[in-house]
Amino acid sequence: MNKEDYKYIGRCVIREDAADKVRGAYDYLADSLPQDTLVGVPLLSSQPNALVKNIDASEAEKIEGVVVLTFRDAPENKYNSGEWFPGQNDFRDESILTGHARHVGDRIALVLADDEKTARRALSKIKVEYEPLPVVADIEKAEEMAHFLHEDGEESFPGKLRYGDVEAAFAAAAHIESDVVCTQKIHHAALEPHCVLAIPRPEKVIELHTPCQIIFGVQHAVAQVLPLPLSKIRVVKANMGGTFGGKQECVFEPLCAWAAWKLRRPVFITTDRGETIAATRTRAAARGRVTTALDAGGRIIGRKFEILMDAGAYLTGTKKVMMVMGKKASRLYRVPALSYEGRVVRTSTTPAGACRGYGSPQIHTITEIHTDLMCRRLGLDPLRFRLDNLVHDGDKDLGGASDIGRARVIECLREGAERFGWCECREPVTSADGRFVTAAGFACCTHGNGYYKTAYHDVTRMSLRILEDGSAILRTAIHELGSGSITALAQIVAEVTGIDVSRVTVTEGDTTFSSYDVGCQASRVIYVCGECARLVSEKAVKLLCTKASELYDAAAELRGGSLVAGDKEIGLGEVVRDIMRKTRCSIDVSCEHAPESNPASFGVHFAQITADKLTGLVKVGRYLAVHDVGQSINRNFVEGQIYGGVQMGIGMALCEELDYGADGMPKADNFDKYHMVNAPDMPEVEVMLIEDEEPGGPYGAKSIGEICTVPVAAAVVNAVNRALGTSLTELPLTPAKIAAAAKRQ
Amino acid sequence: MTALERPRSLSELFSLRRAGVTFVAGGTDWIIRNRGRLSDDAVVADLSLIDEMRGISLDGGYLRIGALETMTSLHRSALVRKYASALADAAYVMGSEQIRNRATVGGNVANSSPAADTPPALAALGAEAVVASAEGKRRVPVEEIVGRNKNNLAEGELIKEFIIPADAERISAFLKVGSRSQVSISRINVAAAARPQGGLYKEGRLFVGTLGVAARRCAAAEAAMGAPGLEKSLPEALCALAAEAIPGRPTLPYKQSALRALAQDLCAKLAERRAADE
């Protein structure tokens, strides 16, 4: 089928939830709670590292209906919130409530009442006595101070990757260049703060409703604190107001399930912005040294990484993030020999975890800033250098992961540079008074499409039923995170079956009724789940046509939403009814898909900025995002992801930071001090897509949601460094840092 | 909270005769600060129905601005733009559209945040606040009301209105640097007012905000405005003021750099307004 003949693929179908969301009528979890629900707010530590000596809740408990559960009531079971499948054996150092508060925001008690207002009033009356311990604020000192923070004796969590003859490469190098780049701790800033509802049901079932990313991972997390088989733990994906990875790990789910189980009442845990910032998860900060060995012709012959990651107070999934960073280092440039050494340390700060890109923004920011600085020092052209070193179509990943696939990164760079007019805007232009400098920068990146050939399994199963009126239901375990995934899957079903997209319903995950899926993580939804939706649709069509051929005694096929059998054209609903009545068969099929490939997606972003050397403010003027997406399923969704990804990335480059004082106290607890790029400061983002159909994806589609935020920070930082002639590598480049650096120049 | 009073006049307000009454106007700072934290016996007086605290008018050579006027009404007022453009500038860039629709000028001064935007503008314009209480009224220069996160009003006193000399010969301007171009709290701000005369600025008044208090007068800058070479002398005067106000503070180098930017922009804006008047 030619692309021009697609009825739904690549089209801008409007999502079913759009009108309600715009009108504020969409039903989020907090909007409709069951009768009799207790509302819980967490009592969070005000101290960065301290033992709780006493909790006096007597005044709080005098308020009618108030229940206070403290760490003394709670099981001490340790778990790791980043573990999403039994047996992953991530190091366990967290419990649902703790008497050793390890960061400002650590959970020490849960205060419950009939409504949030009463719960908060009760919370304000609780007096906590702390015995302070030394604060672990500096990641460089975290190992020697580890025993102050954890009693488990672990100083750090190291990991290594290595291939090729690194020593020989460095011995033979014509040039060896090295930089240290630091990326910061970032708040996800989903509009909906964290919340979860747990309902104890008869027959020893606990039911959770949560805006999460991995229902089966939540099931596993709850099983760590309740003595129930997985089959008795029902997890229903709730309507979600954003996640960006922040709701991937289970922060409040085990606590909520335990509280509801203990009290035999529905419990809804809710948080405000300050609590979500202090108590949930962050993007992990990284300090990375990258050293590159080049031959005389400017080709990379070897690369070494030394990465120090800050997990915050608990290990969480940060070791996974650190290891994944290493795996991504061999998939953008041809690096014949690579050594990656990482260490994760724990500090008395809010725990890190998954965050859009899962290590990709960190590793590519480190390498792309380094690449520009290295080129400047060696007098190499940064565009030429990348064209000479980027991976090619069909390359193997020397790191041992899945082949690169239909790589179009060179096309992205070449065509993007032309569209952006790189050659015309690459040199900085200074205003007459010398105060303002305009310059451009760019950066390349890659990201994956699932878990095939990684440390984790990748499999999904869906079922599709064509109903008696010719409409269809696709039953999945996926999670709509706000990106439009369920509409995209409906478009795929509609394209295959010819059923009008408005008559296709896609269900989200519910562990009791959904078949297994790995979860909405690893940028796998469109490539893996989308392909499963296509396969199950084909299977349903095949069943329908087989049955119809028997029934009508003529070769049957679906054409434009109707069935053609011999010289007859019959409406789909009528065919399904005939089949059901006469052959006693329903059109209901199930299909499991375990991908055999995990290609790379690519992106190249170009930014033109103007820096004010006195105020240090940077205005991003022009912006071009070029992406190798294989095929867009819904062009609007792809663009929407890119706009949001650019907004997050500019924040990473210039202003967003969860900063802590030497005393371990967080400097920001709300958006007055945590600065994000807002609409007036956003550039017009031009989007350019390269759509060359990736094998293995539905209609050739591959991922966009995470990768679009990956190259942004480096593109902007590179532009600033070009503008000012600086070598700034400590993100974010705040006005104070830029003004100080401009003054030094 | 045990009581919410909604008086319709100042006399009704002052007849309440209750100790510890908290006054709330637009509430854009107050509500955030007190959400969930109000004591059980708090008494709150909502001032928003007191009409005599509203209005913008020209009266006997003075511009009178009711304390309940919002940022939006200030920057949209032709009178404010003509006689107090620094105040219109400040009101226009304060907070967000939604905040500007509710936040009042009286509240912005009384709240006394060091990063507030209207106090330096009002002070540069020589504004006096009319302070009212059960005992009567008194007039106080705005810069004497704002303290460090705390105003210098006595218990039971409130700002009824502001009185600004309406001088058509005078120009003024306000500028700020925040973390963003819009919806941003000032890292540093500056306001100046003066009469242009032969290429110089006479009777200059210049106030800087966010250096510990919301409106700190800079005498050296005012002198510089009346002499040639302002482009060179103004940044030095402002940097010296910052060094004196917040010595050794880690934010000092950045504030000084930003003040150099504001000095440049202020010279340009004053020159532009002078040219527009001529």
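**Figure 1. K160(A) and its partner across strands β7(A) and β16(A).** In this predicted model, K160(A) stands opposite E341(A), a residue of β16(A). The pair belongs to a longer run of contacts between strands: β7 (residues 157-163) of chain A is joined to β16(A) by 7 bridges, and the two strands run antiparallel. Take a moment to follow β16(A) from end to end here, as the next view stays with this strand.

**Figure 2. Strand β16(A) and its parallel partner β15(A).** How many bridges join β15(A) to β16(A)? There are 8, and β15 (residues 300-310) of chain A runs parallel to β16(A). To pick out one pair, look for L308(A), whose bridge partner in β16(A) is R343(A). The connection is worth tracing too: β15(A), helix α9 (residues 318-328) of chain A and β16(A) form a β-α-β unit, and this unit is right-handed. Is β16(A) open or largely enclosed? Strand β16 (residues 338-345) of chain A has 8 residues, of which 6 are buried, so the rest of the structure largely encloses it.

**Figure 3. Domains 2 and 3 of chain A where they touch.** Chain A is divided into domain 1 (3-25 + 459-593), domain 2 (33-133 + 194-270) and domain 3 (282-452 + 597-744). This view looks at the second and third of these. Between the C-alpha centres of domain 2 and domain 3 of chain A the distance is 35 Å. At their contact, 19 residues of domain 2 of chain A meet 19 residues of domain 3 of chain A. On the side of domain 2 of chain A that touches domain 3 of chain A, 9 residues are polar, 6 are charged and 4 are nonpolar.

**Figure 4. K453(A) in its loop.** Here we move to the loop between β19 (436-447) and β20 (460-466) of chain A, where K453(A) is found. Which residues does K453(A) contact, leaving aside its neighbours within four places in sequence? They are A401(A), S402(A) and N598(A). K453(A) has 18 other C-beta atoms within 10 Å and is therefore partly exposed. For a sense of scale, K7(A) is 446 residues from K453(A) in sequence, and their C-alpha atoms are 34 Å apart in space.

**Figure 5. Backbone details in two loops of chain A.** The peptide bond between L731(A) and P732(A) is cis, with omega about -5°. P732(A) sits in the loop between α18 (712-724) and α19 (735-744) of chain A. The other loop lies between β22 (504-507) and α15 (525-552) of chain A, and S523(A) has its place there. Although S523(A) is not a glycine, its phi is positive, at about 50°. Is S523(A) buried or exposed? With 25 other C-beta atoms within 10 Å, S523(A) is buried, because the cut-off for a buried residue is 20 or more.

**Figure 6. T210(B), a loop residue of chain B with positive phi.** Turning to chain B, you will find T210(B) in the loop between β11 (200-209) and β12 (216-217). Phi of T210(B) is near 70°, a positive value in a residue other than glycine. T210(B) has 29 C-beta neighbours inside 10 Å and so counts as buried.

**Figure 7. A three-stranded sheet in chain B.** This open sheet of 3 strands has the order β1-β3-β2 (chain B), and its pairing is parallel. Which are the edge strands? They are β1 (3-5) and β2 (21-24) of chain B, each pairing on one side only. On average, neighbouring strands of this sheet are turned by 25° against each other, direction ignored. Zooming in on one pair, 4 bridges join β2(B) to β3 (residues 43-46) of chain B, and these strands run parallel. Within this pairing, V21(B) stands opposite V43(B) in β3(B).

**Figure 8. Domains 1 and 2 of chain B.** The domain assignment splits chain B into domain 1 (3-46), domain 2 (51-165) and domain 3 (171-277). The C-alpha centres of domain 1 and domain 2 of chain B are separated by 19 Å. Their contact takes 15 residues from domain 2 of chain B and 9 residues from domain 1 of chain B. The side of domain 1 of chain B that touches domain 2 of chain B has 4 nonpolar, 4 polar and 1 charged residues.

**Figure 9. Where chains A and B meet.** To finish, this view shows the contact between the chains, with 17 residues from chain A and 14 residues from chain B. Which element gives the most to the side of chain B that touches chain A? It is helix α12 (residues 252-277) of chain B, with 6 residues. By class, the side of chain B that touches chain A has 7 nonpolar, 5 polar and 2 charged residues.

Key
Residues numbered from 1 in each chain as written. Chains lettered and ligands numbered in written order. Predicted model: local features only at pLDDT ≥ 70, side-chain atom pairs only at ≥ 80, totals over all residues. Contact = placed C-beta atoms within 7 Å. Nonpolar A, V, L, I, M, F, W, Y, C, P; charged D, E, K, R; others polar. Buried ≥ 20, exposed ≤ 12 C-beta atoms within 10 Å, placed from the backbone. Pairing = 2+ DSSP bridges. Right-handed = clockwise from strand over helix to strand, strands pointing away. Domains from an automatic or database assignment. Axes fitted to C-alpha atoms, helices over the stretch in contact; angles between N-to-C directions.
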